[in-house]
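Biologist: Could you take me on a close look at one part of this protein, the packing inside it? I'd love a connected walk through the contacts rather than a list.

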Amino acid sequence: MTEEIWVPVSFTYVEYMKGDTIGQILAWFSLLPNFTVISFIPILILRRDLTTIYFFIGMLLNEGCNQVLKRIIAHPRPLRTAASAVQWSKFGMPSSHSQFAGYFTAFVLLLFYIRVNEVTFIIPLRKIWKHVLAVITVATSATVCYSRYYLQYHTSNQIYGGIAVGLIIGIIWFVILEKTVGPYFPIIASLPICEKLLIKDYSLIPNAMWCEYVSIKSEMMNRAKKYVRPE
């Protein structure tokens, strides 16, 4: 009778050295790409705007490209101590976490500085909010990448390779959005299927958040006038 071998689901399985506080913190940072992808599902359901959908499709394509490259390059992950019980995929070039961080950073920064015009809800930071969010995005992505090296899931070259591939895909995907797909978003949003699914396009609205707030507030006030309190 052959011995049964049980393996963990590596999607959310991250190990760190017992007693290593920094390793524990970095292990949580290492899970941020997983949390980000999962969080996009309710965002897509609630927002239903074409730019967010396009961004999410890019995430899936980026991950698919990573899996193909890993099998083509077939570069092994670094060796770890025998005390480690986790069993992961044996190939590590390029790092999927670093590639995700590269894609996310490139696309988000280009989105901030090129497509997003104004945000009203951060009044004190109106002039510098893009720079603040850019610093937070870059710092978080860098921490995610470093966590994979610190926890010995990838070599430095695998990290750098993942960042490079992710940045390239993010830039190309955004250029396609700006030059090819994006100009047709208003037309796509007006299609009957998109109207039935409540899919929207904010690209022609200078301040989408303010516009949405005003529309909802106006509707709420109109309904409040007709509302009769139960006695």
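**A close look at the packing around α3 and α4**

Modeller: Happy to! Let's start with F55: setting aside its neighbours within four places in sequence, F55 is in contact with F40, Y103, F104, F107 and V108. Please keep in mind as we go that this is a predicted model.

F55 sits in helix α3, which covers residues 50-73, while helix α4 covers residues 96-115. The axes of these two helices come within 10 Å and cross at roughly 150 degrees. Since an angle over 145 degrees counts as roughly antiparallel, α3 is therefore roughly antiparallel to α4. As for handedness, the crossing of α3 past α4 is right-handed. On the α3 side, the contact is made by T51, Y54, F55, G58, M59, N62, E63, C65, N66 and K70. Facing them from α4 are S96, Q99, F100, Y103, F104, F107, V108, L111 and R115. Sorted by class, this contact of α3 with α4 has 10 nonpolar residues, six polar ones and three charged ones.

Several of these names come back in the largest nonpolar core, which has 22 residues. Y54, F55, M59, Y103, F107 and L177 are the residues with the most contacts inside that core. Two or more core residues come from each of α2 (32-47), α3, α4, α6 (156-181) and α7 (185-189). Of the contributing elements, α4 gives the most, with six residues.

Now let's follow α6 inward. G166 has its place in this helix, and with a relative accessible area of 0% it is buried. Leaving out residues up to four places away in sequence, G166 touches N62, Q99, G102 and Y103. N62 and Q99 also take part in the contact of α3 with α4, as does Y103. The C-alpha atoms of G166 and M59 are 9.7 Å from each other, although 107 residues separate the two along the chain.

Helix α5 (residues 129-150) brings another visitor, T137. The relative accessible area of T137 is 11%, and because buried means under 20%, T137 counts as buried. With residues up to four places away in sequence left out, T137 touches F104, T105, V108 and F112. F104 and V108 are thus touched by T137, and both are also in contact with F55.

For another helix pair, turn to α1 (residues 21-30) and α2, whose axes come within 5 Å and cross at roughly 30 degrees. Angles under 35 degrees count as roughly parallel, so α1 is roughly parallel to α2. Here W28, F29 and S30 of α1 meet L32, P33, N34 and F35 of α2. This contact of α1 with α2 has five nonpolar residues, two polar ones and no charged ones.

Stepping back, the protein has nine helices and zero strands. Along the sequence, that reads as α-α-α-α-α-α-α-α-α. Of its 231 residues, 32% are buried, G166 and T137 among them. Finally, consider contacts between residues at least 6 apart in sequence: 69% of these join residues at least 24 apart.

Key. Residues numbered from 1 in each chain as written. Predicted model: local features only at pLDDT ≥ 70, side-chain atom pairs only at ≥ 80, totals over all residues. Heavy atoms only, no water. Axes fitted to C-alpha atoms, helices over the stretch in contact; angles between N-to-C directions. Helix = DSSP H or I, 4+ residues; strand = E, 2+ residues; numbered from the N terminus. Parallel < 35°, antiparallel > 145°, perpendicular 65-115°, else oblique. Left-handed = near helix turned anticlockwise from the far one by under 90°. Contact = heavy atoms within 4.5 Å. Nonpolar A, V, L, I, M, F, W, Y, C, P; charged D, E, K, R; others polar. Buried < 20%, exposed > 50% of the residue type's maximum accessible area, 1.4 Å probe, protein only. Core = buried A, V, L, I, M, F, W, Y, C linked by side-chain atoms within 4.5 Å.
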